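Student: I should like to examine this model with you and learn how its descriptive terms are justified. May we begin?

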Amino acid sequence: MEQGKQGVVVKFAPPQNPVEQIQARFKELENGFRTWLAKQSLPVEAAVVTVTSAAQGAAIGGFMGTLTNDVSSSLPTPQAGLNPQAMASFKQAQALAGGPLVQARNFAVMTGVNAGISSVMKRLRGKEDVQSSMVAAFGSGAMFSLVSGMGGPNQAANAVTSGLFFALVQGGLFKLGEKFSQPPVEDMYYAKTRSMLNNLGLQSYEKNFKKGLLTDTTLPLLTDSALRDVKIPPGPRLLILDHIQRNPELRGR
């Protein structure tokens, strides 16, 4: 409420979007959980990540199983004396055609083992790379083969084969993701600018810098008039110039 010359002016804050509030709260909880998890010992982190990821995988698998229904009951009963190769193929069909409970188990094993091994590899190696991803995928594929019964009489050999297949697929996807996730070449010229704007909470003005070709090399030369030319308001202009003045690395010194 404000008292003006013409009387009392009442200002009401615009109502917040409940969806945005829920998203912000969820993000806050997620960041808090990750911070807590990073402080735990390696065994605790691996156990927590494995269990939570397995629960998520089970939920996804169970949902998919309800959509596809259990068609394993429609498969013919294997005859006695069926050769091992044919029996292994039958087991594979059963594993892939099971109902909600079977699919929940399969997905829980795949996602839980993958996430658990990934967390261990990241803690030991200090980074996420294609090697760690392939090791996690190998363990995931091998465990899936053993738990689902797809291995047949030669479970160990088939588990290794499944693990290698999973690892190759995951490695290819990881490399493909790296290729498409790399920033455009022109963005390399705005690395310092982007970092500065993010620190100031002004990331929405990055497009203004790009329109005016105000790259990282121009940061020491920025003036109020240059920022005004790219249509940045007075308040953000002052913050940007003050930030550059306070940071010698941005002033080229």
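**Pockets, a helix and a core**

Tutor: By class, the residues lining the largest pocket comprise 8 nonpolar, 9 polar and 8 charged. The model is predicted, so local features need pLDDT of at least 70 and side-chain atom pairs count only at pLDDT 80 or more, while totals for chains, interfaces and linings use all residues. Residues are numbered from 1 along each chain as its sequence is written, and side-chain values use heavy atoms, with hydrogens and water left out.

Student: What makes a residue of the lining nonpolar, polar or charged?

Tutor: Ala, Val, Leu, Ile, Met, Phe, Trp, Tyr, Cys and Pro count as nonpolar, Asp, Glu, Lys and Arg as charged, and the others, Gly among them, as polar. Val49, Ala115, Ser119, Lys122 and Glu128 lie nearest the centre of the largest pocket; Val49 and Ala115 are therefore nonpolar, Ser119 polar, and Lys122 and Glu128 charged.

Student: Why is this space called a pocket and not a cavity?

Tutor: On a 1 Å grid over the protein atoms alone, a cavity is a set of points where a 1.4 Å probe fits but cannot get out, whereas a pocket is an open set with protein on both sides within 12 Å along at least five of seven lines. Lining residues have an atom within 4 Å of a point. The largest pocket has 25 such residues and a volume of about 720 Å³. H4 gives the most to this lining, with 7 residues.

Student: What is the make-up of the second largest pocket's lining?

Tutor: That lining divides into 7 nonpolar, 5 polar and no charged residues. H6 gives the most, with 5 residues, and the volume is about 150 Å³.

Student: How do you know that H4 reaches close to its expected span?

Tutor: The expected span of a helix is 1.5 Å times one less than its number of residues. H4 has 26 residues and reaches 37 Å from its first C-alpha to its last, close to the expected 38 Å. H4 is followed by Gly126, whose phi is positive, near 75 degrees.

Student: What makes a set of residues a nonpolar core?

Tutor: Such a core consists of buried (under 20% relative accessible area, 1.4 Å probe, protein chains only) Ala, Val, Leu, Ile, Met, Phe, Trp, Tyr and Cys residues joined through side-chain atoms within 4.5 Å. Of the 14 residues in the largest one, Met196, Phe209, Leu222 and Ile240 touch the most other members. Helix H7 (191-200) and helix H10 (234-246) each supply at least two of its residues.

Key. Buried < 20%, exposed > 50% of the residue type's maximum accessible area, 1.4 Å probe, protein only. Helix = DSSP H or I, 4+ residues; strand = E, 2+ residues; numbered from the N terminus. Points joined across faces, edges and corners; volume = space filled by probe spheres on them.
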